[in-house]
Amino acid sequence: RVLEPSAGIGNFISYMPKHIQKNSSVTAVELDNLTGNILRLIHDEADTRISGIQDVAMPDNSQDLVISNIPFGNYRIYDKAFKGEKEKFLNRIHNYFFIKALDKAREGGIVALVTSKGVLDSPGNQDVREYINSHANFLGAVRLPNTTFKNVANTEVVTDIIFLQKNTQSKTNNEDFISIEKVEAVHKDGEIQEVGINNYFSKH
């Protein structure tokens with residue numbers, strides 16, 4: 001059972017290894033109507049929902065894999081299911097997608113999300129990293145060059161792929177990724193600057 005909560009036209013499904021695709025039940029969610037209909041035409045084998053993930057009827061703790069290139073930005077999303085400690089994560093859509101993905105993944109399921117480097121590097125996102133740590137094992141992350149999406153999306157932005165395994169039982173998860181460290185880096189103009197980088201990357 002695979003959930004793609006921000007599917008676009010379905011590139012993750014297109015490049016899924018065929019033996020996995022053949023043995024998977026894929027639910028693809030896309031908010032934009034035109035994009036969602038293109039997705040539905042390309043991948044008629046998937047259960048396509050043209051909707052925001054916040055409005056999709058799907059049981060929590062039900063998916064073996066949640067995988068997506070999620071939206072990011074400091075804008076608010078509304079989800080009536082987010083109350084109490086989770087409500088604060090509605091203010092930044094990228095943080096919301098992490099929490100929503102963990103809700104939908106089964107215990108032991110995998111969450112693999114492409115996102116901006118701010119999730120791991122920003123001091124303002126420490127609360128979401130702490131929440132992740134209490135609900136999942138941090139398996140690792142890959143930082144992509146800022147030119148990764150230049151040819152396909154005409155954008156230059158540093159992005160990470162973050163891998164988690166849902167685990168609400170353990171209290172001894174990998175905490176390397178919670179804090180950030182100040183390091184010296186050479187700017188493209190040659191100037192040395194102090195920048196904050198996630199401890200996971202500074203240690204690995």
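1. Start with what helix α6 packs against. Its buried residues pack against α4 (93-104), α5 (118-121), β6 (136-144), β7 (159-166), β8 and β9. Keep in mind as you look around that this is a predicted model. Which residues of α6 are the buried ones? They are Val128, Arg129, Tyr131, Ile132, Asn133 and His135.

2. Now put α4 and α6 side by side on your screen. The two axes come within 10 Å and cross at roughly 10°. Angles under 35 degrees count as roughly parallel, and α4 and α6 are therefore roughly parallel to each other. On the α4 side, Asn95, Phe98, Ile99, Leu102 and Asp103 make the contact, while α6 brings Val128, Tyr131, Ile132 and His135. Sorted by class, that contact of α4 with α6 has six nonpolar, two polar and one charged residues.

3. His135 deserves a click of its own. You'll find His135 in helix α6, which covers residues 126-135. The side chain of His135 makes a polar contact with the side chain of Ser134, at 2.9 Å. What does His135 touch once its neighbours within four places in sequence are left aside? The answer is Glu85, Leu102, Lys166, Asn167 and Thr168. Leu102 should look familiar: it is one of the α4 residues in the helix contact.

4. Next, the sheet. Seven strands form an open sheet in the order β3-β2-β1-β4-β5-β7-β6, and the pairing is mixed. Which strands stand at the edges? Those are β3 (47-50) and β6; each has a single partner strand, so one side of each is left without a neighbour in the sheet. On average, neighbouring strands of this sheet are turned by 15° against each other, direction ignored.

5. For a parallel pair in this model, look at β4 (residues 63-69) and β5 (residues 105-116), which are joined by six bridges. If you want one bridge to trace, go from Gln63 to its partner in β5, Ala105. Helix α4 packs on the sheet, touching β1 (2-4), β4, β5, β6 and β7, and its direction makes about 160° with that of β5. Helix α6 also packs on the sheet, where α6 touches β6 and β7; its direction makes about 130° with that of β6.

6. Buried or exposed: what is Thr115? This residue lies in strand β5, and at 1% relative accessibility Thr115 counts as buried, because the cut-off for that word is under 20%. Setting aside neighbours within four places in sequence, Thr115 is in contact with Ile70, His94, Phe98, Thr159, Asp160 and Ile162. Phe98 is also one of the α4 residues that meet α6. As for Ile178, it is 63 residues away from Thr115 along the chain, and the two C-alpha atoms are separated by 16 Å.

7. Then there's the hairpin. Strands β8 (residues 180-186) and β9 (residues 192-198) run antiparallel, with seven bridges joining them. One of the partners to check is Ile197 in β9, which bridges to Glu181. The hairpin has five residues between the strands, and Gly190 takes a positive phi near 95° there.

8. Last stop: Asn199, in helix α8 (residues 199-203). With 16% relative accessibility, Asn199 counts as buried. Not counting residues up to four places away in sequence, Asn199 touches Asp176, Ser179, Ile180 and Glu181. Glu181 takes you back to the hairpin, where Ile197 is its bridge partner.

Definitions and conventions
Residues numbered from 1 in each chain as written. Predicted model: local features only at pLDDT ≥ 70, side-chain atom pairs only at ≥ 80, totals over all residues. Heavy atoms only, no water. Pairing = 2+ DSSP bridges. Helix = DSSP H or I, 4+ residues; strand = E, 2+ residues; numbered from the N terminus. Polar contact = N/O pair within 3.5 Å; in protein donor to acceptor, adjacent residues only side chain to side chain. Contact = heavy atoms within 4.5 Å. Buried < 20%, exposed > 50% of the residue type's maximum accessible area, 1.4 Å probe, protein only. Axes fitted to C-alpha atoms, helices over the stretch in contact; angles between N-to-C directions. Parallel < 35°, antiparallel > 145°, perpendicular 65-115°, else oblique. Nonpolar A, V, L, I, M, F, W, Y, C, P; charged D, E, K, R; others polar.
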